Amino acid sequence: MLQQATKQIDVSDVDELFKKVEQLPPLPATHQQHHQAKKGHIQLKDVSVDFGSGVLAVEGASLEVTPGEFVCILGPSGCGKSTLMNCVAGFVKPTKGQALVDGKPVTKPGNDRGMVFQQHSLFPWKTVLDNVAFGPLMAGKGKMEAESLARTFIGMVGLSAYENKYPGILSGGMKQRVGIARALANYPDVLLMDEPFGALDAQTRTIMQENLLQIWSEFGITVVFVTHDIDEAIFLADRVVVMSASPGRILADIKVEIARPRSTDIIASERFLILKKQCLDLIREESLKVFERQSQV
Ligand SMILES: Nc1ncnc2c1ncn2[C@@H]1O[C@H](COP(=O)(O)OP(=O)(O)OP(=O)(O)O)[C@@H](O)[C@H]1O
Ligand SMILES: [Mg+2]
């Protein structure tokens, strides 16, 4: 199955390629859930967010993410991706519609939902260990237990040697790993990631993506991951949700039927390129709309 999904093809003639992939037989049901997550069910029901002064950030977005699923949200800049995530996180209240997690309407942030931001948001005056132990301490755990938990998660993101260091001396990738450990230390049912690897170089980014997939498959938590990067979205996700240009609506919900575990080789596979073309066409159309709108006087 994996072999079929990762079969390499000659990409020298792109037109030929797409003709060829259009004739491919449908992929058998290869996608398996690696885990039996019961919690972390997200429902967005006809969500609109109006920030006032003519800024309609999100319009009528409906989306369901099942427990343990990995969903990527892709869309042009300013289309409302962060706003939609913030509705699930509880930082933004929809003007219309509703966000629910495990059947309960989201009214405020909670430990059941962990958030990892584009720019790291660590406490600079706390060590790596204290940053990660902070959530468990706030949740009422004793110092010893919180630190022991923190050490487990720091180990999971490969930073045990840095637990007593301060964020200021860490690289961007290391800070993001601490951010992931910090979010996981609260044992969230849902991990919300808003362009977490956007500021990283290509190589570090690939390593982080692989690391994240491994953690996700071990934990079985629901992940919603926002990105601008089509390759990243397809590599990571079970489904890629494409948003329209502002006001953000959900344009497409594309199932990524590529077997797991995935290696970086899949980016040259037939299946990957079909999906990439689909996403590229949708995003190009939306970006052109933004460009045209911005150039009108
Ligand atoms: N708190 C706010 N108050 C007013 N307007 C806001 C607020 N937050 C976001 N907006 C506006 O809502 C729209 C959507 O913003 P949002 O940050 O959700 O987009 P995005 O898709 O995450 O963009 P990017 O890809 O650049 O991160 C933008 O026009 C933005 O200016
Ligand atoms: Mg954003």
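A residue counts as buried here if 20 or more other C-beta atoms lie within 10 Å of its own. Gly68 makes a handy test case in this predicted model: it has 23 C-beta neighbours inside 10 Å, so it goes down as buried. As for where it sits, Gly68 belongs to the loop between β2 (56-65) and β3. Its C-alpha atom is 8.4 Å from that of Val190, even though 122 residues separate the two along the chain.

Zooming out, the protein chain holds nine helices and ten strands. Of its 297 residues, 42% are buried. Contacts that link distant parts of the sequence show up here too: taking those between residues at least 6 apart in sequence, 72% join residues at least 24 apart.

Now for the sheets. One of them is open, has six strands and mixed pairing, and reads β6-β7-β8-β3-β9-β10 across. β6 (113-116) and β10 (250-255) sit at its edges with a single partner strand each, so one side of each has no neighbour in the sheet. From one strand to the next, the twist averages 15°.

Inside this sheet, β3 is a good place to start. Five of the five residues of β3 are buried, so the strand is largely enclosed by the rest of the structure. Phe70, Cys72 and Leu74 point one way from β3, Val71 and Ile73 point the other way, and all are buried. On one flank, β3 (residues 70-74) runs parallel to β8 (residues 222-227), with five bridges joining the two. Going along that pairing, Val71 faces Val224 of β8, Cys72 faces Phe225, and Leu74 faces Thr227. β3 also pairs with β9 (residues 239-243), again in the parallel sense, this time over four bridges. In that pairing Ile73 stands opposite Val241 of β9.

β8 gets much the same treatment. Six of its six residues are buried, which leaves the strand mostly covered. Both of its faces are covered, with Thr222, Val224 and Val226 buried on one side and Val223, Phe225 and Thr227 buried on the other. Besides its pairing with β3, β8 pairs with β7 (residues 190-194) in the parallel sense over five bridges. Phe225 turns up again in this pairing, where it stands opposite Met193, having Cys72 opposite it in β3. The link from β7 to β8 goes by way of helix α7 (residues 202-219), and the three elements make a right-handed β-α-β unit. Val190, the residue whose C-alpha atom lies 8.4 Å from that of Gly68, falls within the span of β7, residues 190-194.

Another open sheet is built from four strands in the order β2-β1-β4-β5, with antiparallel pairing. Its edge strands are β2 and β5 (104-105), and each of them pairs on one side only. Strand β1 (residues 42-50) and β2 run antiparallel and are joined by six bridges. One of the residue pairs there is Val47 with its bridge partner Ala61 in β2. Helix α3 packs on this sheet and touches β1, β2 and β4 (96-101), with its direction making about 125° with that of β1.

That helix also matters for the ligand surroundings. The shell around ligand 1 takes its largest share, three residues, from α3 (residues 81-89). The residues around the ligand are Phe51, Val55, Ala57, Gly75, Ser77, Gly78, Cys79, Gly80, Lys81, Ser82, Thr83 and Ser246. Sorted by class, the shell comes out as four nonpolar, seven polar and one charged residues. Among the shell members, Ala57 lies within the span given for β2, 56-65.

Key: Residues are numbered from 1 along each chain as its sequence is written. Chains are lettered from A and ligands numbered from 1 in the order in which they are written. This is a predicted model: local features need pLDDT of at least 70, side-chain atom pairs count only at pLDDT 80 or more; totals for chains, interfaces and linings use all residues. Two strands pair if DSSP finds at least two bridges between them. Axes are lines fitted to C-alpha atoms, for helices over the stretch in contact, and angles run from 0 to 180 degrees between N-to-C directions. A residue is near a molecule or strand if its C-beta atom, placed from the backbone, lies within 6 Å of it. Ala, Val, Leu, Ile, Met, Phe, Trp, Tyr, Cys and Pro count as nonpolar, Asp, Glu, Lys and Arg as charged, and the others, Gly among them, as polar. A residue is buried if 20 or more other C-beta atoms lie within 10 Å of its own, exposed if 12 or fewer, and partly exposed in between; C-beta atoms are placed from the backbone. A crossover is right-handed if, with the strands pointing away from the viewer, the path from the first strand over the helix to the second runs clockwise. Two residues are in contact if their C-beta atoms, placed from the backbone, lie within 7 Å.
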